[in-house]
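Biologist: I've got this one open on my screen. Walk me through it, please.

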Amino acid sequence: MKRAQLFQLAQQLQPKLTNWRRDFHRNPEIGYEEVRTSGIVAEHLESLGLEVIRNVGKTGVVGLLRGETDGPTIALRADMDALPIQDQKSAEYSSQVEGKAHLCGHDAHTTILMGAAELLTGLGRPKSGNIKFVFQPAEEGLAGARAMIQDGVLENPKVEAIAGLHMTPGQDTGTVGVSKGVAFASADRLVIRVFGKGGHAARPHEGIDAIAVSAQVITALQNIASRLVDPLEPVVVTIGKITGGYMGTAIAPEVEMIGTVRTLSPALRERMPALIEQVVSGVCASFGAGHEVIYGDGYPVVVNDLGMVDLLTETVDGLDWAKGWSSISPSTGGEDFAFYCEQIPGVFFRLGSGNEEERTRYPLHHPMFDLDETAMPYGVGILSSVALEFLARNTTSEGERTK
Ligand SMILES: [Zn+2]
Ligand SMILES: [Zn+2]
């Protein structure tokens, strides 16, 4: 099998890919509720004759394409969950579920990996080594990757490397973007409560105004990035939700703020809880208010393994049908692919899904998000090629391991 032919085969899958993706798009399921989706995935993998395990990490599915002899195992990963956001586009395949939609392209990720499983299985068993197809639940904030790892997805056979992709509307269809090293920020949840003292709005000095204190807290938090952390180290502290108070004529006794903290360095991530506590406690104390900071353990930084980045870029360079790759800056978005990268060498790359049509250019999580479906065969072809290249590099032509 010539690598050139892989893309022809992937393109032949286009009608199937489009059908799968549109079906998932019409029937979105959010984190840990992907029962219908994972059922379709599992049936497909079983129909290909793969070894299939259901209910890994609650609603995840794993398929194994076992080689003729023992050898290294590479995993390819897709996420399956949708977002709790109302779909606002009017397409034949718009979400049919009120308040839920595939606005992060995970329907395409699932579809691409189903296609890769079909394509690679069609080539026959690898001479040596295995390919594991990992369909995980709950990427959007609920750490489905961690649940899969806790359920043993990286064992039996032991996975030595992993690759995954994300649809990217800001890149032209089929192009690859990859970060050498840090690829996605850590994403930790932050809850801050400010405790004041209620009273009449006309006599604020008799109470402790939790809203006024919170305003100072929010402003002070921005000084962490500008005054307390090295300006060459990116950090984001965003308060995205704030609740408190009863009415315009009463002093609010309590305020709750919910936000997110992003860093591009594991070391800075570790420092952030103490810095936030320092700022919040200082500001609150200066107004006589009490406080509570709850720092949620979110997603670590995604760090691409440089050897895996080379594997990806050299593979793409060798594919005459591919649209090339470029080195991109890390994203301040979060990705639970980070949990795999903490365990084994991994590479997570961006696959362009935008064309000249406006509908394909809305950002991820936008209620109008959509994608160029002809990007999917590129995903199938590139992921499949990466897996084959990994096995080829780590075994001899006789099928023995090289390391
Ligand atoms: Zn997302
Ligand atoms: Zn996503």
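Modeller: Some vocabulary up front: two strands pair if DSSP finds at least two bridges between them. The helices (H or I, at least four residues) and strands (E, at least two) are DSSP runs too, numbered from the N terminus. It's a predicted model, so local features need pLDDT of at least 70 and side-chain atom pairs count only at pLDDT 80 or more, while totals for chains, interfaces and linings use all residues. Residues are numbered from 1 along each chain as its sequence is written, chains are lettered from A and ligands numbered from 1 in the order written, and side-chain values use heavy atoms, with hydrogens and water left out.

Biologist: OK, how do E1 and E2 pair?

Modeller: Antiparallel, over four bridges, with E2 covering residues 60-65. Ile-53 has Val-62 of E2 as its bridge partner. The two strands make a hairpin with three residues in between, and Gly-57 in the turn has a positive phi of about 60°.

Biologist: Which residue other than glycine has a positive phi?

Modeller: Asn-55, with phi near 55°. Asn-55 sits in strand E1. For background, most residues other than glycine have a negative phi, and most peptide bonds are trans.

Biologist: And where's the cis peptide bond?

Modeller: Between Asn-156 and Pro-157, with omega about -10°. Pro-157 is in the loop between H5 and E5.

Biologist: Back to the strands. What's the order in the sheet of eight?

Modeller: E1-E2-E4-E3-E5-E16-E6-E15, an open sheet with mixed pairing. E1 (51-56) and E15 (325-327) are the edge strands with a single partner each, so one side of each has no neighbour in the sheet. On average, neighbouring strands are turned by 25° against each other, direction ignored; axes here are lines fitted to C-alpha atoms (for helices, over the stretch in contact), and angles run from 0 to 180 degrees between N-to-C directions.

Biologist: How do E3 and E5 pair?

Modeller: In the parallel sense, over four bridges, E5 being residues 161-172. Leu-76 is matched there with Ala-163 of E5. Helix H10 (376-394) packs on this sheet, touching E3, E4, E5, E6 (176-178) and E16 (346-354), and its direction makes about 155° with that of E3. Contact means heavy atoms within 4.5 Å.

Biologist: Now the metals. What coordinates the zinc ion (ligand 1)?

Modeller: Cys-104 through SG, Glu-140 through OE and His-365 through NE2, at 2.0 to 2.2 Å. Donors are N, O and S atoms within 2.8 Å of the metal (3.2 Å for Na, K and Ca), and water is not among the atoms, so sites may look incomplete. Cys-104 is in the loop between E3 (69-79) and H4, and Glu-140 is in the loop between E4 (128-136) and H5 (144-150), 36 residues apart.

Biologist: And which protein donors does the zinc ion (ligand 2) have?

Modeller: Cys-104 (SG), His-106 (NE2) and His-166 (NE2), lying 2.1 to 2.4 Å from the ion. Cys-104 lies in the loop between E3 and H4 and His-166 in strand E5, so that pair ties together parts 62 residues apart in sequence. Cys-104 bridges the two zinc ions, ligand 2 and ligand 1, which lie 3.2 Å apart.

Biologist: What does H4 pack against at roughly 10°?

Modeller: H3. The axes of H3 (35-47) and H4 (106-122) come within 10 Å and cross at roughly 10°. The two helices are therefore roughly parallel, the label for angles under 35 degrees (over 145 is roughly antiparallel, 65 to 115 roughly perpendicular, the rest oblique). H3 contributes Thr-37, Ile-40, Val-41, His-44 and Leu-45 to the contact, and H4 contributes Thr-110, Met-114, Ala-117 and Glu-118.

Biologist: Last stop: what's the order in the four-strand sheet?

Modeller: E10-E12-E8-E13, open, with antiparallel pairing. E10 (235-244) and E13 (290-295) are at the edges, each with a single partner strand, so each has one side without a neighbour in the sheet. E10 and E12 (254-263) are joined by nine bridges; Lys-241 has Ile-258 of E12 as its bridge partner. Helix H6 (210-228) lies across E8 (186-195), E10 and E12, at about 170° to E10. Helix H7 (266-286) lies across E8, E10, E12 and E13, at about 165° to E13.
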